Amino acid sequence: EDELLVSENNSNVAAVEVEESEEDGGDHHEIKIHVIGVSAGSTSFKLQLMHEGHADYTSTNNVPVTVN
């Protein structure tokens with residue numbers, strides 16, 4: 001089963017949540033990312049798409065987040 005992991009973020013600045021759902025009787029797998037500002041500042045996070053216990057994809061750059 002595929003899973004999206006988020007790491008290397010400062011949760012005191014922004015919470016990053018992964019929401020997974022299956023539609024059409026399990027034929028369609030959807031993954032959403034929710035970024036919720038907690039306090040002013042900057043952070044970033046790394047994404048990894050996991051498959052069978054290993055990362056099939058790791059973001060080459062962290063995703064920047066700025067909360068005003």
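How many Å² does the protein chain expose, and what share of that do carbon and sulfur atoms supply? About 4,700 Å² is exposed, and carbon and sulfur atoms account for 44% of it. The model shown in every view is predicted.

**View 1. The whole protein chain, built from strands.** The protein chain holds six strands and zero helices. In sequence order the pattern reads β-β-β-β-β-β. Along the principal axes, the C-alpha atoms occupy a box of roughly 40 × 25 × 15 Å. The protein chain has 68 residues, of which 16% count as buried. Taking contacts between residues at least 6 apart in sequence, 48% link residues at least 24 apart.

**View 2. A negative patch on the surface.** The residues of this patch are Asp2, Glu3, Glu20, Glu22, Glu52 and Asp56. Two elements each supply two or more residues to the negative patch: strand 1, covering 2–7, and strand 2, covering 14–23.

**View 3. Asp56, one of the residues of the negative patch.** Asp56 lies in strand 5, which spans residues 54–58. Is Asp56 buried or partly exposed? Asp56 counts as partly exposed because its relative accessibility is 48%, and the partly exposed class runs from 20% to 50%.

**View 4. A nonpolar patch on the surface.** Val18, Ile31, Ile33, Val35, Leu49 and Tyr57 make up this patch. Together these residues have about 440 Å² of accessible area. Which strand gives the most to the nonpolar patch? Strand 3, residues 28–37, does so with three residues.

**View 5. Tyr57, one of the residues of the nonpolar patch.** Tyr57 is placed in strand 5, the strand that also contains Asp56. With a relative accessibility of 46%, Tyr57 is classed as partly exposed. Strand 5 therefore carries Asp56 of the negative patch and Tyr57 of the nonpolar patch, both of them partly exposed.

**View 6. Met50, a buried residue of strand 4.** Strand 4 runs over residues 41–51 and includes Met50. Met50 has a relative accessible area of 15% and so counts as buried, the limit for that class being under 20%. How far is Met50 from Glu20 in sequence and in space? The two residues are 30 apart in sequence, and their C-alpha atoms are 13 Å apart. Glu20 is itself one of the residues of the negative patch in View 2.

Definitions and conventions
Residues are numbered from 1 along each chain as its sequence is written. This is a predicted model: local features need pLDDT of at least 70, side-chain atom pairs count only at pLDDT 80 or more; totals for chains, interfaces and linings use all residues. Side-chain values use heavy atoms; hydrogens and water are left out. Patches are made of residues with over 30% relative accessible area and no salt bridge: like charges are joined within 9 Å, nonpolar side chains (Val, Leu, Ile, Met, Phe, Trp, Tyr) within 5 Å. Accessible areas come from the Shrake-Rupley method with a 1.4 Å probe; for residues, only the protein chains shown count as cover. A salt bridge is a side-chain nitrogen of Lys or Arg within 4 Å of a carboxyl oxygen of Asp or Glu. Lys and Arg count as positive and Asp and Glu as negative; His and the chain ends are not counted. The place of a charge is taken as NZ of Lys, CZ of Arg, CG of Asp or CD of Glu. Helices (H or I, at least four residues) and strands (E, at least two) are DSSP runs, numbered from the N terminus. Buried means under 20% relative accessible area, exposed over 50%, partly exposed in between (1.4 Å probe, protein chains only). Contact means heavy atoms within 4.5 Å.
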